[in-house]
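Trainee: Could you take me through one part of this model closely, starting from a single loop residue and working out to the packing around it?

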Amino acid sequence: MNDGERTAAGPAGGAPPDTHRSLPHGPRADVARAAGHRDPPPRMGFFTDTSVCIGCKACEVACKEWNGVPEHGLELTGMSYDNTQGLGANSWRHVAFVEQRKPLGGQEPGVAHAGPDVFKAARALGTSPGAGTPAPETAPAGAPAGEIPPVAPGGRTELRWLMSSDVCKHCTQAACLDVCPTGALFRTEFGTVVLQEDVCNGCGYCVPACPYGVVGRREGDGRAWKCTLCYDRLGAGLEPACAKACPTDSIQFGPLEELRERAAARVAQLHAAGVRDARLYGESPEDGVGGDGAFFLLLDEPEVYGLPPDPVVTTRDLPAMWKQAALAAVSLAALGVAGFVRRPR
Amino acid sequence: MAECHPVGFQWVMEAKARGAKVIHVDPRFTRTSALADLHVPLRAGSDIAFLGGIVNYVLSNDLYFRDYVVAYTNGPVVLGEDFRDTEDLDGVFSGLDAEHRSYDNASWQYQGMEVQAAAGQRDAEYDRRTGRGRSVSEAARGEAHGSGGADIGEGEPERDETMTHPRCVFQVLKRHYARYTPEMVERICGVPQDLFRQVCELVTQNSGRDRTTAFAYAVGWTQHTVGVQYIRAAAVLQLLLGNIGRPGGGILALRGHASIQGSTDIPTLFNLLPGYIPMPHAHEHQDLESFVRAEAQRKGFWGDMRAYLVSLLKAYWGDAATADNDYCFDHLPRLTGSHSTYETVLAQLDGVCKGYFLYGENPAVGSADARLQRLGMANLDWLVVRDFSLIESATWWKDGPEIESGELSTEDIRTEVFFLPAAAHTEKDGSFTNTQRLLQWHHQAVEPPGDARSDLWFTYHLGRIVREKLAGSTDPMDRPVLDLTWDYPVKGAMAEPDAEAVLAEINGRDADGNPLASYEQLKDDGSTACGCWIYCGVYADGVNQAARRTPGREQNWVANQWGWAWPANRRILYNRASADPDGRPWSERKALVWWDAEKGQWTGHDIPDFPKDRPPSWQPPPGARAAEALSGTDAFVMQADGKGWLYVPSGLTDGPLPTHYEPQDSPFVNLLYRQQRNPVRHLMPSLPDNRYQPSGDEPGSQVFPYVATTYRLTEHHTAGGMSRWQPYLAELQPEFFCEVSPELAAERGLEHTGWATIVSARGVIEARVLVTDRMPPLTVHGRTLHQVGLPYHWGPNGYSTGDAANELLHLALDPNTHIQETKAFAVDIRPGRRPRGPAAQALVRAYRARAGIDDRTGTEL
């Protein structure tokens, strides 16, 4: 992606920023600035609210259409309706389907809708006789509300079908960046992590470096590929293809800080509605990767969705390891020198 | 809905975000169930029992919306003394002609009206009303009421405002549904009583003055031998609860493709003209006058049918249509019987039908009894297939299952097959009409690739060339083609006809060629031309109203500046019913339109679906007709009596009240009546490739012990022509599979991701097995029932392949719509792959023999 090089040169000229290094550890790191971008826009990311995902896979198809990602092959896996199986070089979005014998529920929507409030609009018309249309929360008594206890047909345990669209996490501390020897991977001004296929030499170091197993090498090509968070679209002021295609706003795109606020409110709302399983994943800057640029609202443990419960940036211990190695080398050298020094004549 | 209409489902999620409760009733747990508040699995084919149970709950607990029912429905109307209900006749209505498998509905009429036959199986009313001409036709007319009910004859019906008269509709309804008890629902549908009660409570508590409930359905309701009555059952319930004509209410038909609504409005159906004007049947000495006299209503907007029809004839034949020649009424074809798609197949087999156009349709995979479809096509002289890919219907002659089995050989098939690539919707201009009757224009984005052309291009140029070839002909048979107005402007290198010019023609023009604004401007004297009266106004002021895209935030919540909805851009039909008889909204919360006494007109958020200046107190003068005859409370303006019909005296072929019958092939007896199946179901002949199965307790019925149902997946589209060739879609659901419960898998030794063979009396298919809790076993009639789920997208061609589920289907149809019963039938399932070659048909024959099937099986009344 040539855009990357343009960006890497820096809009204000001067010394090129070092966009190819991960960050010093610490919360709320301003990743783009730390990578050398001057006056970067707010860090952008995804909030994937799996509680409203309907498993339509429009995100998978839209991603492939926009980015020209090849098909991943025809294989009926038997893993519910998941025939994509996971993220990789040829799947940059992946919808997991998890069938569980658990009570139905916990899928209450309630995302903040940017669209018009029809009730408010109707009220504002002022042509309605009387006081206008009351808001839905002031529904008259007798309206059904609250919990609907699940009933099992034929004595069967209740059923829950979890769906969740996974994607590259665009980590605050991205090990793939650290290990890339060519500079193919770089941090954009939006704080996202992008892989330039025309720079990648196919060494594959980034593949095991990713704590989520996101990056993959493409067969017959050898190079590594992953989600770019539609860097080309972002530059043109468009949202990523997957978020654009999502019919229920399960995939939300925006400034990360805003998404975090929205997510916190959403979890609180779900907890208040009795959905105690709801939790955020990858949202905390305190976690092992310094927080994800793409984080999730889950309704069960991360492992259920095939996500690592406690991801750690794989290069976290490298400095310490190098320090140990250096110490060992120095010790060995010192021993050697000492050996010469003390050699009896 | 999430499964097949994911984009539309966003609005269900919006509703949920605002506090709506979502109930999903479906044999299997789908992506919709996953997001619903309540999933209710039931036996496929038992929905009338389920809905009838809710009706009974509403009636026996006095939970109906009394003021609404009295004012706006035919609940208070008294029926004639001759009517006998299924209660009296053990499952059939009075008027059954067992020999001809049809009803004479003379006894279904209102007290005080002239005796009136329905627009039914035989259009007997024609004889009565015109006093001449003998009907030689036989075709259903149910679809002719796509925008309003049938006529009911002269006179004023007798009413009992207290609804206590023993013969009033309300009391008949009460007696009819009294046996649909929660216990019966549990035994027939397999829905536990406490779950059923929850549904009843949710629906009734969310209906009334302040709240409304909506029903959404798709072909899970229509594709049955009683499909129309499924929808009718919902209509009865919604009318009782006052959920029609009001915001948040209604019954929404989710369509199977973009613009299926459009394809009935401007029909691709054999028995309709644009705007639901019936196609004339063949009668001797029939002229425009006698046709209109037979078909038009006295009251309501259908009373002006002559103006709609004459304007249509003027649009078709322009200057050639004059008062002297009946506006070319005789140029219209005449029906000589049912010419539905399935009769057409039989006509192919009989050698009567010699040519066939397939526009984006893949019957070799997508139609019931797919084998019979292919055999029919193999008997044609010519076949034209227009599609994106080489679908099975284009290649059966070289690689179809019958070639493989040796029953057909390519060199012996004389059908000449033409394949013409089609342009996609992104490659052409045009409109989509959705379930809300909303027309939305789409603009061409790119040129079609290669030889691909739009259907409009193909049809226009085909017509142009045919007309050139016929030019100068003096054969009267050629006049209808030669007289056509066929002068659409073309543009671009490909000479693509201007789609907006077609829209303008549909909209209509006055005598000076100016675009019309409303169907109320249409005249019956030949001074106006209009291609479809209900679409009149879509090109008002010479502007493509369907292309309007004013954002929601810039208009009120009804948003009637987005696209254009028929009729007259009204977004909710019959919205006069959103106000009480005095013209005030039933509640502030549900206000939509109301009477403004000061201004002396109807006003509101939506455009009133009512004569604008007619006060609520208006009583029509004696002798008034058409719209003039509507009283101030006749909210159902398309209906012959201005009322919503709880009971249908006229217009349906199979009964005035929805009644539970078992599907054509069912492992169960009808617990409610001795009558097992819909007595007037449209039964195609029991051919060797269309055998019916024994049902209920008949010997052999347990050879096919499982209920099967077909459906679609989000990842594919119908018969696969648009999806199986797309790698990005094919990889998401790469293979045909069946869905079974763990219990059924254990019972039959089916392995997850292994192979299963599924057999009916018509065919045998194989599928990979998905064992899932989402296909729950049910307790029906006190025993365990397993259901088999079959997505029907696959066929042998394309990138993702598999057997076609439709190989298993029979040709017993709904008598009103001629739609096949793909949503509930009986099969056997066993592990392993199916036999190949001739052995496959041998297996089917062996099953038939074991079940004792012959040409009479299942054809009982």
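**From a loop to the helix packing**

Mentor: Gladly! B:Ala106 sits in the loop of chain B that joins β4 (102-103) to α6 (125-130); helices are DSSP runs of H or I with at least four residues, strands are runs of E with at least two, and both are numbered from the N terminus. Keep in mind that this is a predicted model, where local features need pLDDT of at least 70, side-chain atom pairs count only at pLDDT 80 or more, and totals for chains, interfaces and linings use all residues. Residues count from 1 along each chain as written, and chains are lettered from A and ligands numbered from 1 in the order written.

B:Ala106 has 19 other C-beta atoms within 10 Å, so it is partly exposed (20 or more would be buried, 12 or fewer exposed, with C-beta atoms placed from the backbone). Its C-alpha atom lies 8.8 Å from that of B:Ser650, although 544 residues separate the two along the chain.

Now move to B:Val236, in helix α11 (residues 227-240) of chain B. B:Val236 counts as buried because it has 28 C-beta neighbours inside 10 Å. B:Leu51 is 185 residues away from B:Val236 in sequence, yet their C-alpha atoms are 9.2 Å apart. Setting aside neighbours within four places in sequence, B:Val236 is in contact (C-beta atoms within 7 Å) with B:Val55, B:Leu646 and B:Pro658.

B:Val55 is a good place to go next. Not counting residues up to four places away, B:Val55 touches B:Tyr177, B:Tyr180, B:Val236, B:Leu237 and B:Leu240. B:Val55 is also among the residues that touch the most other members of the largest nonpolar core, together with A:Cys176, B:Leu237 and B:Leu313; this core has 224 residues (a core joins buried Ala, Val, Leu, Ile, Met, Phe, Trp, Tyr and Cys through C-beta atoms within 7 Å). Helix α14 (residues 305-317) of chain B gives the largest share of this core, 10 residues. Another core lies apart from it, with 70 residues that include B:Tyr342, B:Val345, B:Leu683 and B:Met684.

B:Val55 also takes part in a helix pair. Helix α3 (residues 47-60) and helix α7 (residues 169-177), both of chain B, have axes that come within 9 Å and cross at roughly 125 degrees. That angle is why α3(B) is oblique to α7(B) (outside the ranges under 35, 65 to 115 and over 145 degrees). α3(B) makes a left-handed crossing with α7(B) (the near helix is turned anticlockwise from the far one by less than a right angle). From α3(B), B:Gly52, B:Val55, B:Asn56 and B:Leu59 meet B:Leu173, B:Lys174 and B:Tyr177 of α7(B). By class, the residues of this contact are 4 nonpolar, 2 polar and 1 charged.

B:Val345, from the other core, leads to a second pair. Helices α15 (residues 341-349) and α17 (residues 370-377) of chain B pack at about 45 degrees with their axes 8 Å apart. α15(B) and α17(B) are therefore oblique to each other, and α15(B) passes α17(B) in a left-handed crossing. B:Val345, B:Gln348 and B:Leu349 of α15(B) make the contact with B:Leu372, B:Gln373, B:Leu375, B:Gly376 and B:Met377 of α17(B). The contact of α15(B) with α17(B) has 5 nonpolar, 3 polar and no charged residues.

Terms used: Axes fitted to C-alpha atoms, helices over the stretch in contact; angles between N-to-C directions. Contact = placed C-beta atoms within 7 Å. Nonpolar A, V, L, I, M, F, W, Y, C, P; charged D, E, K, R; others polar.
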